Amino acid sequence: MVQADILSQIILYGVLTGGVYALVAMGLSLIFGVMDVVNFAHGAYLMLAMYSSYFAWQILGLDPFLSILLVAPAFFVFGVISERLIIHPIIDEPDFAQIFATVGLIWVFENFAHYFIGTDPKGIEAGYGGMSLLGVPVQEVRVYGFVIALLTALGMYLLLEKTKIGLAIRATAQDKEAAELMGMSSEVVYMVTFGLGIALVGVAGPVMASIYSTTPTVGANYVLIAFVVVVLGGLGDVFGVLWAGMLIGIVDAAVAFFYEPTLSAPVYYTIFIAVLVLRATGHLGGSDEGLLSRIANIASSNESS
Amino acid sequence: MSQKQQTSTDSIAGKITKAVGKPSGYLSLLVFLVALALPLFATNYILHILILVFITGIGAIAWNIIGGYGGQFALGNAVFYGFGAYSVALLVNNYGQSFFVALAVGIILSVLLAVLVGYPTFTLSGHYFALATIAVVEGMLYLVLFFGDFTGGAIGQSVTPASWLADLVGNRVIAFYIFFAIFGLCILISTWVRYSKLGYYLLAIREDQDAAAALGVNTTRYKIYGFALSAAMTALAGGMYAVYGTYVSPSGAFSLDLSIQYALITLIGGMGTIIGPIVGTLFMVPIQQYVTTVLGGNLGSLAYIGYGVILIVVIIYAPEGLVTRLSFVREWIDNTLPEVK
Amino acid sequence: MLKTENLTKRFGSVVAVDDVSIEIPEGEITGLIGPNGAGKTTLFNLITGFYTPSNGTVTYKGEDITNLAPHEISKKGVSRTFQVPKPLNQLSVTENVVVGALGEGKGRQAAMEKANDTLDRVNFQGDYSMTANSLNVGQLKRLEIAKAVATDPDLLMLDEAVAGLNPDERGKLVNVIEKLNDQGITILMVEHVMEVVMGLSNRVIVLDEGKVLTEGTPKEVQNDDEVIEVYLGT
Amino acid sequence: MSNKETLLSVDDIEVFYGETQALFGVSLEVYEGELVTMIGGNGAGKTTTLRTISGLLSPRVGSITFKGDEIAGKGPDEIVKLGISQAPEGRMLFSGLTVEENLYAGAYHRSDDAAVEEDLEMVYDYFPQLPDLLEHNAEDLSGGQQQMLTIGRALMSDPDLLLMDEPSLGLAPQLVQTIGGIVEDLRDDGQTILLVEQNAELALDISDRGYVVQTGEVVASGPTEELRDTDAVRSAYFGQ
């Protein structure tokens with residue numbers, strides 16, 4: 001029998017880690033949902049954002065959480081430029097063009113880091129310690145990271161729901177032609193969407209860098225988790241992604257506790273493929289809908305009937 | 001009308017004579033003969049590079065069947081390479097099985113895995129198949145690490161094949177001919193597939209699944225056939241490499257980079273063409289070998305930045321690959337040099 | 001030959017095909033017309049297995065084919081064309097048709113011959129060894145029909161076969177359709193160009209808002225008050 | 001009629017989908033304040049013409065001038081800013097967005113917030129059902145309500161020229177009459193409209209002038225009372 005305090009510890013760790021996973025997945029979900037582009041290079045952007053925060057700390061002595069104010073806007077611009085140069089020319093091309101182009105970006109970014117920075121892990125020591133949360137000892141950075149994830153989710157929600165550009169983004173995601181008939185330039189919307197998606201990586205990077213150490217290939221470890229989270233949470237669904245992130249975080253923590261950390265990756269890849277199987281056999285709704293919201297729908301319709 | 005029919009119903013032998021008669025045909029034959037004679041004057045190092053070309057080429061040809069003919073973006077084909085390599089390593093080393101049994105097991109396991117992955121994902125859009133194949137290769141990498149007692153863990157393990165086999169592949173000249181023959185066999189299989197029912201069906205599926213289904217093509221089944229064949233050939237490459245390289249490691253075998261390489265090589269050469277993966281391999285592998293072994297370390301990563309840029313530029317400006325772009329070379333040769341009867 | 005009974009397809013709250021029961025008699029050309037949004041394409045997709053009906057059955061030669069997959073229905077002898085032709089661009093005209101001809105487990109050689117014969121049957125104008133990406137619209141439309149005919153259908157379903165053609169090419173394609181019908185292929189065609197439907201069809205079925213409004217000979221349909229009403233309004 | 005200013009002039013346009021030609025030289029004019037209709041059977045090219053005017057398609061040959069300026073080749077987002085908005089066929093609503101959001105989407109390119117609010121009230125006047133539905137998603141509306149939202153959304157851009165594609169499509173007879181009445185009201189309030197309809201009777205009843213199209217060409221045109229008597233209308237639909 002698992003003791004209650006161990007269980008609460010696993011859940012707390014899982015939720016905190018999962019919030020950060022969700023932060024990584026949010027941009028991916030936004031880009032996939034609005035543009036129907038799978039950004040395989042998402043992890044590579046994350047890696048660059050982690051290094052950016054590391055160097056901001058090392059050179060400027062900037063606290064990693066403060067460096068978000070610098071890194072996120074810079075990555076917005078970085079995203080806009082990437083969209084113009086690479087995504088825009090192939091937006092109407094078949095799937096494989098997007099897959100290859102973003103895979104090409106991975107090689108460029110990873111080897112750029114490899115050549116100019118090297119492979120030794122870089123960690124930020126910003127002087128954060130431990131604290132006690134609900135009686136469980138945790139690292140401060142994880143708690144702050146989680147808070148930032150929540151704030152970012154809220155900010156994204158408000159941006160999408162309450163602003164004009166948010167309306168244009170959501171309208172374009174629903175029907176690109178109709179949005180153009182309303183005067184919403186899909187070129188601009190795609191530029192902003194990709195910029196925002198990469199800006200979200202610019203938020204996630206410093207948070208990740210404050211918790212984990214950075215290497216040129218660190219992104220690959222998290223991009224697949226992010227895909228699992230997106231498939232579970234839904235495309236362009238900010239809170240769905242948040243919930244899914246926490247769920248994966250708990251699974252991650254539980255597997256690591258009861259078995260071994262190396263096994264958690266195979267476990268969520270299995271979840272990922274299981275979700276795909278469910279979808280293939282028609283047990284999941286529309287392709288934009290996440291598994292969680294689907295379950296919620298089924299649950300609520302069962303209640304009402 | 002009768003003339004039209006004649007050209008398309010010519011016997012295969014007639015076609016071959018005709019193809020060889022053309023300048024590009026007899027020049028290719030010449031290249032083939034030179035290749036056969038290579039061990040007479042090439043150094044062991046050049047033979048080694050060529051053997052690597054053959055091994056990688058088999059993987060690229062295999063990828064072209066599902067990715068090029070079928071248009072299904074497998075990005076985890078290294079998992080089959082890994083199955084082939086590890087089956088040979090583990091069964092030969094730990095269980096004293098013969099190489100051929102071990103290789104067969106690797107191939108069978110790969111086919112089973114291909115069916116298992118393909119069946120649920122082939123009904124979804126292309127993105128999901130690509131993602132699922134990545135998940136499989138990454139997940140398998142972790143499993144190999146997790147079961148380290150059995151697999152040798154991160155360090156991998158060396159392979160000690162039976163002495164007769166070790167002697168054969170230890171001799172570079174003999175190894176060259178063996179791998180050349182298998183490479184040739186794979187080219188023949190790929191050519192045969194292209195003009196078989198499977199090939200036509202895969203091409204039809206790539207172009208438009210609904211239209212293919214309306215013509216009586218069971219699209220899921222033929223995609224699985226294509227994927228399974230691709231898996232089997234890739235496992236063959238992995239198993240062969242295990243005895244040639246006498247060493248297998250998880251990062252070398254279950255590698256996302258290797259999976260992407262297969263696709264990149266085929267893209268550079270021309271996706272969906274018979275010759276694309278062959279030309280792509282001949283072009284890319286020697287360059288890569290030069291870059292990683294001669295330039296090494298840091299300069300190597302500089303070269304990979306170059307690859308990434310090439311990949312992006314090719315995708316944006318020449319998505320049909322280099323072979324199609326270079327077809328004017330063949331036309332020029334055919335037009336300038338005389339034909340032979 | 002083909003019969004639908006109470007066939008219904010709902011998309012959410014929209015009923016695209018509503019309780020449609022029709023019969024396609026063997027050997028005839030049946031026209032399927034109706035204003036935009038009447039459910040013609042949905043009905044095509046239901047019959048050929050691309051959609052699963054919400055209700056009702058499709059019977060072909062006395063056999064229930066309601067829940068079969070598209071490729072299975074094709075194998076039974078029901079073949080269709082698509083409104084927008086999507087050829088295999090890098091392949092020759094013959095090779096495009098081969099995909100349809102390979103179905104019966106014949107060898108490649110036999111399939112190639114059959115593909116060429118089929119191209120003759122539809123009076124394909126031009127060199128069969130041309131790659132498909134160099135074809136004009138008229139050739140593409142015939143290639144599309146040839147692909148479907150190469151599967152040896154007993155029932156051929158044409159989706160706007162003459163759309164986008166000029167009157168001259170249209171006339172030639174009408175001859176091809178008549179010829180195929182003379183050779184024993186039953187035809188069901190969705191067509192917007194009225195002179196073509198009215199000229200070719202033995203019988204015309206009119207759909208409106210997912211329901212069968214009326215059916216009859218072209219003459220009867222053209223003079224039917226209800227048909228005039230749905231087309232011209234009241 | 002012709003002493004009014006020409007607002008839109010479509011001159012001999014040819015339009016292709018890939019290699020397939022859809023329009024074989026369509027010309028038409030719309031004067032300020034007019035309600036002009038384009039009628040014809042399925043596949044005649046009516047929707048293609050409207051999509052080309054809105055910039056979703058580009059003509060390969062021919063020109064389109066709006067208020068004297070060439071607009072052929074401009075993007076749809078630019079054209080709506082110049083003053084042409086469209087209530088498209090099949091409604092093309094943002095189905096997962098609320099009614100209110102759909103309406104504001106129509107006013108997306110405007111920055112005159114006060115006028116936008118006034119126009120919103122105007123739309124509510126034309127369609128009194130909409131204010132009660134503001135929080136509903138567009139996909140949950142009935143067909144008639146969706147059509148009203150489509151027209152309302154197009155009006156929210158404050159267009160000089162309103163393009164309407166088959167507003168009667170899929171609606172019950174009384175609703176068709178209601179929509180027809182609203183189209184007339186709009187014209188009477190000074191809105192210039194180019195109306196595409198398959199329901200020729202309705203269109204000819206309410207419009208000032210009409211064009212009859214058949215397989216990508218204009219086969220007859222003139223004041224509606226003259227068109228009503230011609231055989232061209234009947235033959236355009238039935239090919240006699």
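**Close-up views of a four-chain model**

**View 1. Which chains meet?** Of the four pairs of chains in contact (heavy atoms within 4.5 Å), chains A and B share the most contacts. Chain A and chain C do not touch, and their nearest C-alpha atoms are 12 Å apart. Chain B and chain D do not touch either, with 16 Å between their nearest C-alpha atoms. This is a predicted model, where local features need pLDDT of at least 70 and side-chain atom pairs count only at pLDDT 80 or more, while totals for chains, interfaces and linings use all residues. To find your way, residues are numbered from 1 along each chain as its sequence is written, chains are lettered from A in the order in which they are written, and side-chain values use heavy atoms, leaving out hydrogens and water.

**View 2. Here chain A meets chain B, with 41 residues of chain A in contact with 41 residues of chain B.** Together they bury about 3,900 Å² (accessible area, 1.4 Å probe, lost on being put together and summed over both), 82% of it on carbon and sulfur atoms. Look for Phe100(A), Trp107(A) and Tyr115(A), which supply 22% of the area that chain A buries against chain B, more than any other three residues. No salt bridges (a side-chain nitrogen of Lys or Arg within 4 Å of a carboxyl oxygen of Asp or Glu) are found across this interface. Helix 4 (95-116) of chain A (helices are DSSP runs of H or I, at least four residues, and strands are runs of E, at least two, numbered from the N terminus) is among the helices that supply at least two residues to this side. In fact, helix 4 of chain A gives the most, with 16 residues.

**View 3. Here chain D meets chain C, through 23 residues from chain D and 22 residues from chain C.** The area buried between them is about 2,000 Å², and carbon and sulfur atoms give 55% of that. Strand 2 (20-31), helix 7 (200-206) and helix 9 (231-238) of chain D each supply at least two residues of the side that touches chain C. The largest share, four residues, comes from helix 9 of chain D.

**View 4. On the surface of chain A, Leu154(A), Tyr157(A), Leu158(A), Phe239(A) and Trp243(A) form a nonpolar patch.** Such a patch joins nonpolar side chains (Val, Leu, Ile, Met, Phe, Trp, Tyr) within 5 Å, from residues with over 30% relative accessible area and no salt bridge. Together these residues have about 500 Å² of accessible area (Shrake-Rupley method, 1.4 Å probe, only the protein chains shown counting as cover). Helix 5 (140-162) of chain A gives the largest share, three residues. Trp243(A) sits in helix 10 of chain A.

Notes:
Buried area is the accessible area (1.4 Å probe) that two parts lose on being put together, summed over both. Patches are made of residues with over 30% relative accessible area and no salt bridge: like charges are joined within 9 Å, nonpolar side chains (Val, Leu, Ile, Met, Phe, Trp, Tyr) within 5 Å.
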